[in-house]
Amino acid sequence: MKKYDSTKIKNIAIAGQAGSGKTSLTEALLYKSGATDRLGKITDGNTVSDYTPDEIKRKCSVYTSLSSLETGEFKVNLLDTPGMFDYEGEAVEGIAASGCVLITVSGKSGVRVGTHKAYDLAKKMGKPTMFVVTKLDDDNANFNNVLTQLKAEFGPTVCPVVVPVIADRKIVSYVNLIEMKAYKYEDGKAVETDMPTAEVSEKMGYRIDGLIEAVSEAVAETDEALFEKFFSGEAFTQKELTDGIHSGMNSGIITPVTCVSSTDLSGVDMLLKEIDLLLPPPSEKDAMIGETADGEAVEVACVESDPMSAFVFKTVADPFVGKMSYMKVFSGKLTPNKEVVNATTGSTEKVGKLVTLQGKKQIDVAEAGCGDIVVAMKMNVNTNDTICDSARVVKFAPMTFPKPCYKMAVRAKKQGDESKISAAMTRLMEEDLTIDYKLDPSTNEMILSTLGGLHLDSVVGRLAGTFGVEVETSVPKISYRETIRKKVKVQGRHKKQSGGHGQYGDVWIEFEPCVSDDLVFEEKVFGGAVPKNFFPAVEKGLQESVKKGVLAGFPVVGLKAILVDGSYHPVDSSEMAFKMAASIAYKEGMRQAEPVLLEPIGSLSVFVPDDNTGDMMGELNKRRGRVLGMNPAEKKGMTEIVAEVPMAEMADFTLLLRQMTQGQGVFTFEKARYEPLPANLVADVIAKNAVAD
């Protein structure tokens, strides 16, 4: 592939609802441009961008893939992102690296939650957007309905540039509203045909006039001179329309709409033409704000003569090939064997072999100019790292990923595989910043946190298929606690005689409730009833004892122990004997002091669509939650519900929220404190814990 400068490169993320045709569109663009010699199909498992075993098995994208094509004077890097909400982290990476986002909308099912998520993510990152209505070959597709829906939900920025002409429920041609030409497709090839009239399709003449007016009005908003021309009633030239839409996309006030059928390739050539004419190259949109070593902000322009800087937006931990670091070059040029500074860690690295990708196919490259996307092999860098020339050390802001909220306990199927799991998870966490794996110290379980059930399945599948270690998952244990409700004074005596020295320890201890997570120990012994050198043994005996309560074996909190009296034997008393005596006193004291089980309560902040607030309040009540308040969210049409809910009731909340809100809801949940477990649930918890032991 020849060298392109930053004005001739376009980086495009393809995003949208799962099943809206992203991978098929990627395949059609690659095939139509001549980058591939066959049109792959998802059902056959032979597409360029869905090539991993997991993707072929699921018949959907799981990872963001990189491929490229050449069209006209341009090199176009395509980033095919997953639409499933479980793989949102991959979509974040793809959109962050892009210069523009093509959002696919099924002509059959229209605007969905995934459409909004892709659009919101693109706008949050300041990326120009274009809607592509797909699947127009489907009998149930309706472009006009989808266009009306897009305008209703995304506002007046929506601007059609290619529309189908429909007669007798079939598409007879496509009209390019910029060229003002109509094309029909014969064997996937465009043939110019007559512009439609009202006779061809009912009200078509009137509709075309209205669409042209809408395009012209959108373009007029981009420039004062164009506005005056529009106001005077003059028609825009083709160049004025092109430049106006291009400018409007850059400033975020125009979102063009085009349409394709990826199976018979109709409209794909026109989309390639719009990519050429309308979408911005990196030289226009990729000026980045970085941070110097002194913490000062600096603008990094996409200029090849400047010192090199590049951002690692994705990592793949391949056990056979090694670590693959996907980078976008923001300035200068990146070459193999170059010494660079990792601005994130401060270390010096050597650039490895550079390749570009066509799905899984690797193509060596001699250098990557600014604005381009490239993959460096076997470099010691991670996602969100910035590498740069030592002449200008600058660090770019990291990407923000959704936090994992679906938690499961993980254990090895085979004994001794624990270290393998740990090593494999370290590699996977380098690759995917939306997973977390750590020990829960309160239950001693290893907890794997993901974005949902599918995401969990993918991680477990990778552990088995890629790293050769099989695991079992289960609902995490709840870290209950035990405490007491009243003050008691008890004796603990340990006396044993067995030839030679015996064992003797005798203590009187007062136990009372207090506010502390740890045992509070005091001594108020008078007259040397218990020698001072045995005080540490008494405390140690109690510290070991509070690890297990008397009700269900859970750790004890909120306990204060005061050593007040006792007795000793000058020969038989020992540290061990007093430690045992303290343990006996603890068990007796806990039984007498009205022990009670405590359950962890979490603070919940959940955002749901306004229509779902009633359902969510009912659900939280079912889960023994207390709703503390409701607030309007920043995003229109959403409400924040703040509540406190027992952690035992939240195991499946991620899945329920996604189902209830069709994926629109998000939440955060953090442990807040402990409260007494309702009496009607105590027996069940004790029974379950007894079985677990």
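Colleague: In which hand does helix 11 pass helix 12?

Modeller: Helix 11 makes a right-handed crossing with helix 12. Bear in mind that this is a predicted model.

Colleague: Okay, and how do I describe a pair like that beyond its hand?

Modeller: Two packed helices are described by the angle between their axes and the distance between those axes. Here, helix 11 (residues 418-431) packs on helix 12 (residues 453-465) at about 130°, and the axes lie 11 Å apart.

Colleague: Why are helix 11 and helix 12 called oblique to each other?

Modeller: Angles over 145 degrees would count as roughly antiparallel, and those from 65 to 115 as roughly perpendicular. The angle of about 130° fits neither class, so helix 11 and helix 12 are oblique to each other.

Colleague: Which residues meet in that contact?

Modeller: From helix 11 you have Ala424, Met425, Leu428 and Glu431, and they meet Val459, Arg462 and Leu463 of helix 12. By type, that contact of helix 11 with helix 12 splits into five nonpolar residues, two charged and no polar ones.

Colleague: Let's try the other pair. At what angle do helix 15 and helix 16 pack?

Modeller: Helix 15 (residues 613-622) and helix 16 (residues 653-661) pack at about 155°, with 11 Å between their axes. With the cut-off at 145 degrees, helix 15 and helix 16 are therefore roughly antiparallel. Their crossing is right-handed.

Colleague: And which side chains should I click on there?

Modeller: On helix 15, pick Asp615, Met616, Glu619 and Leu620; on helix 16, pick Phe653, Leu656, Leu657 and Met660. The residues in this contact of helix 15 with helix 16 are six nonpolar, two charged and no polar.

Colleague: Now a single residue. Is Ser106 buried or exposed?

Modeller: Buried means under 20% relative accessible area. Ser106 has 3% relative accessibility, so Ser106 counts as buried. You'll find Ser106 in strand 4 (residues 100-106).

Colleague: What does the side chain of Ser106 reach?

Modeller: The Ser106 side chain reaches the backbone nitrogen of Ser109, at 3.2 Å. Leaving aside residues up to four places away in sequence, Ser106 touches Ser20, Thr134, Lys135 and Val146.

Colleague: Zooming out, how many helices and strands does the protein have?

Modeller: The protein has 17 helices and 37 strands. Its C-alpha atoms fill a box of roughly 110 × 60 × 50 Å along the principal axes, and 52% of the 693 residues count as buried. For contacts between residues at least 6 apart in sequence, 71% join residues at least 24 apart.

Definitions and conventions
Residues numbered from 1 in each chain as written. Predicted model: local features only at pLDDT ≥ 70, side-chain atom pairs only at ≥ 80, totals over all residues. Heavy atoms only, no water. Helix = DSSP H or I, 4+ residues; strand = E, 2+ residues; numbered from the N terminus. Buried < 20%, exposed > 50% of the residue type's maximum accessible area, 1.4 Å probe, protein only. Polar contact = N/O pair within 3.5 Å; in protein donor to acceptor, adjacent residues only side chain to side chain. Contact = heavy atoms within 4.5 Å. Axes fitted to C-alpha atoms, helices over the stretch in contact; angles between N-to-C directions. Parallel < 35°, antiparallel > 145°, perpendicular 65-115°, else oblique. Left-handed = near helix turned anticlockwise from the far one by under 90°. Nonpolar A, V, L, I, M, F, W, Y, C, P; charged D, E, K, R; others polar.
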